[in-house]
Amino acid sequence: MDRLIRGVERIVVWGASAGGIIVLIQMLWISYGVFTRYGLGKPDRLVTEATALLLFPVAFAGLAFALREDAMPKVTMLIDRFSLRVQHVFAIINHLIMLGVGVFFAYAGVSATIRSFNSGVASEILHWPRWWFWAPGAVALVLFAIYVALRLIRLFMTMTAEGEV
């Protein structure tokens, strides 16, 4: 199980890196857009649409990475006062909630990708297929759901293997 999780974590790091690259592209493109708007007096319509369309994949690219790094926001003042076994139970409950939300959003993302692919709809200004923008976000959400499920399985295995955490 640990080897499988490490393999998925490699993909998680690559996904977060791709999200970082998209953020850099957006940063440069927006800087160009600001220059053309205020420096040249000719706003570039492509910048607005492209950065808006790239927000969806960027929003979820680092989600699994944040879980890997334990960077999800959480309040543990009360939970830290409980025994290790109770903390472990809370970790399982937390992962179950994350899995439920992750599967829901993964389903919505994959469904939106499939619908936009089947409809053949393209962006208004760029004329790029919309599914190009939905697909990376959907993949990131599916990856997050898989990663949470694997970590949840590991939590259950450590509880049963040790008998008491």
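## Helix H4 and its C-terminal end

In this predicted model, Gly-120 follows directly after helix H4 and adopts a positive phi of about 75 degrees. The helix itself comprises 36 residues, for which a rise of 1.5 Å a residue gives an expected span of 52 Å; the C-alpha atoms at its two ends lie 51 Å apart, so the two values agree.

The buried positions of H4 are His-88, Ile-92, His-95, Met-98, Leu-99, Gly-102, Ala-106, Gly-109, Ser-111, Ala-112, Thr-113 and Ser-116.

## A nonpolar surface patch

A nonpolar patch on the surface is formed by Leu-78, Phe-82, Val-86, Val-89, Phe-90, Ile-93, Ile-97, Val-101, Phe-104 and Phe-105. Together, these residues present about 880 Å² of accessible area.

One of the patch residues, Val-86, is located in helix H4. Its relative accessible area is 31%, and Val-86 is therefore classed as partly exposed, the range for that class lying between 20% and 50%.

## Nonpolar cores

The largest nonpolar core contains 18 residues, and those making the most contacts within it are Val-8, Val-12, Leu-67, Phe-144, Tyr-147 and Val-148. At least two residues of this core come from each of helix H1 (2–39), helix H3 (63–68), helix H4 (84–119) and helix H5 (131–162). The greatest contribution is that of H5, which supplies eight residues.

When residues up to four places away in sequence are set aside, Val-8 touches Leu-143, Tyr-147 and Leu-150. A second core, separate from the largest, consists of seven residues, among them Ile-22, Ala-50, Leu-54 and Phe-133.

## Trp-29 in helix H1

Trp-29 belongs to helix H1. Beyond its neighbours within four places in sequence, Trp-29 is in contact with Leu-46, Val-47, Ala-50 and Trp-128. Of these partners, Ala-50 is also a member of the second core.

Trp-29 and Met-77 are 48 residues apart along the chain, and a distance of 42 Å separates their C-alpha atoms.

## Asp-70 in the loop between H3 and H4

Asp-70 occupies the loop that connects H3 and H4. Although Asp-70 is not a glycine, its phi is positive, at about 55 degrees. With a relative accessible area of 49%, Asp-70 is partly exposed, because residues count as exposed only over 50%.

Technical notes:
Residues numbered from 1 in each chain as written. Predicted model: local features only at pLDDT ≥ 70, side-chain atom pairs only at ≥ 80, totals over all residues. Heavy atoms only, no water. Core = buried A, V, L, I, M, F, W, Y, C linked by side-chain atoms within 4.5 Å. Buried < 20%, exposed > 50% of the residue type's maximum accessible area, 1.4 Å probe, protein only. Helix = DSSP H or I, 4+ residues; strand = E, 2+ residues; numbered from the N terminus. Contact = heavy atoms within 4.5 Å. Expected span 1.5 Å × (residues − 1). Patch = residues over 30% accessible without salt bridge, like charges linked within 9 Å, V, L, I, M, F, W, Y side chains within 5 Å. Areas by Shrake-Rupley, 256 points an atom, 1.4 Å probe, with all protein chains shown as cover. Salt bridge = Lys/Arg side-chain N within 4 Å of Asp/Glu carboxyl O.
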